[in-house]
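Here are my notes on the model you asked me to look over. I've kept them short and in numbered points, so you can follow along with the structure open.

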Amino acid sequence: MKRDNIFLEVPKYYLTENERQELMSYQSQATYTEFEIPAEFELEGLNDGNLVSINPHVPDWVFDKFKLPLELSISYLFLKNTGLNIKHTDGHRQSSLTVLLSNNETGTDFYNEKDELLTTLVHNGNTFLQNNKVRHYVEPTKVWRYFFQISFDLPFNIIVEHLK
Ligand SMILES: [Fe+2]
């Protein structure tokens, strides 16, 4: 699944079922804090609905499996939410490799500047590169959505080239 300039499925970074379960177990031990939108960005100081654990303890295989994206990254994190409360673009990063750890069906909606829906990324437990400079939002969900993410301060298109 692919949407030019918004998201790209990256099969070489799929998790096996064992890896997914192990990361779920690590995230359950992690300390989460409310993500606060940084000053100098739109909506500064608000929480967008995400709880994050930045550069958490992860199993050693993560550093081998994600060697290239980690070399390009500014951080990796566990992130969880039950939907978002603000339609937003990310202030602290441009793109991310996003791995859904919980296997529930959940989507991330992307919008243009006129708030028209462009597309929905349905994660389905797979791995996607996503362009966080495109406005996005998640409808409230009944269950927690758990993610492992690698964050880049490089544009989506540059990371696409590196991960080819
Ligand atoms: Fe975001």
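**Notes on the fold**

1. Starting with the inventory: four helices and eleven strands make up the chain. Keep in mind that this is a predicted model, so everything below is computed from predicted coordinates.

2. On overall dimensions, the C-alpha atoms fit a box of roughly 40 × 35 × 30 Å along the principal axes. The radius of gyration is 15 Å, which agrees with the value near 15 Å for a compact globule of 164 residues. Of those 164 residues, 29% count as buried. If you take contacts between residues at least 6 apart in sequence, 77% of them join residues at least 24 apart.

3. Now for the inside. The largest nonpolar core contains 23 residues, and Val99, Leu101, Leu129, Phe147 and Phe148 have the most contacts within it. At least two residues of this core come from each of strand E2 (7–9), strand E5 (75–81), strand E6 (95–100), strand E9 (127–131), strand E11 (145–152) and helix H4 (156–163). E11 provides the largest share, with five residues.

4. Leu129 deserves a click, being one of the core residues with the most contacts. Once you set aside its neighbours within four places in sequence, leucine 129 is in contact with Phe7, Leu8 and Val10, with Ser95 and Leu97, and with Phe156, Ile159, Val160 and Leu163.

5. How much of E11 is buried? Seven of its eight residues are, so "mostly covered" is a fair description when 20 or more other C-beta atoms within 10 Å is the cut-off for buried. E11 also pairs with E5, running antiparallel, through seven bridges; within that pairing, lysine 80 has tyrosine 146 of E11 as its bridge partner. With E6, strand E11 makes six bridges, again in the antiparallel sense. There, serine 95 is partnered with phenylalanine 152 of E11.

6. Elsewhere, three strands make an open sheet with the order E8-E7-E10 and antiparallel pairing. Its edges are strand E8 (117–122) and strand E10 (135–137), each of which pairs on one side only. From one strand to the next, the twist averages 25°. As a reminder, strands of a sheet pair through backbone hydrogen bonds, in either a parallel or an antiparallel way.

7. Zooming in on that sheet, strand E7 (residues 107–111) is joined to E8 by five bridges, and the two run antiparallel. One pair to look at is phenylalanine 110, whose bridge partner in E8 is threonine 119.

8. Valine 122 sits in strand E8. Is it buried or exposed? Neither label quite fits: it is partly exposed, because the 13 other C-beta atoms within 10 Å are over the 12 allowed for exposed and under the 20 required for buried. Leaving out neighbours within four places in sequence, valine 122 is in contact with Glu105 and Gly107. Its C-alpha atom is 8.8 Å from that of aspartate 109, which is 13 residues away along the chain.

9. Last, have a look at histidine 57, in the loop between strand E4 (47–54) and helix H2 (61–65). Why does this residue count as exposed? Because it has 11 other C-beta atoms within 10 Å, and exposed means 12 or fewer. Tyrosine 26 is 31 residues away along the chain, and its C-alpha atom is 7.3 Å from that of histidine 57.

How values were computed:
Residues are numbered from 1 along each chain as its sequence is written. This is a predicted model: local features need pLDDT of at least 70, side-chain atom pairs count only at pLDDT 80 or more; totals for chains, interfaces and linings use all residues. Two strands pair if DSSP finds at least two bridges between them. Axes are lines fitted to C-alpha atoms, for helices over the stretch in contact, and angles run from 0 to 180 degrees between N-to-C directions. A nonpolar core is a set of buried Ala, Val, Leu, Ile, Met, Phe, Trp, Tyr and Cys residues joined through C-beta atoms within 7 Å. Two residues are in contact if their C-beta atoms, placed from the backbone, lie within 7 Å. The radius of gyration is taken over C-alpha atoms; the globule rule is 2.2 Å times the number of residues to the power 0.38.
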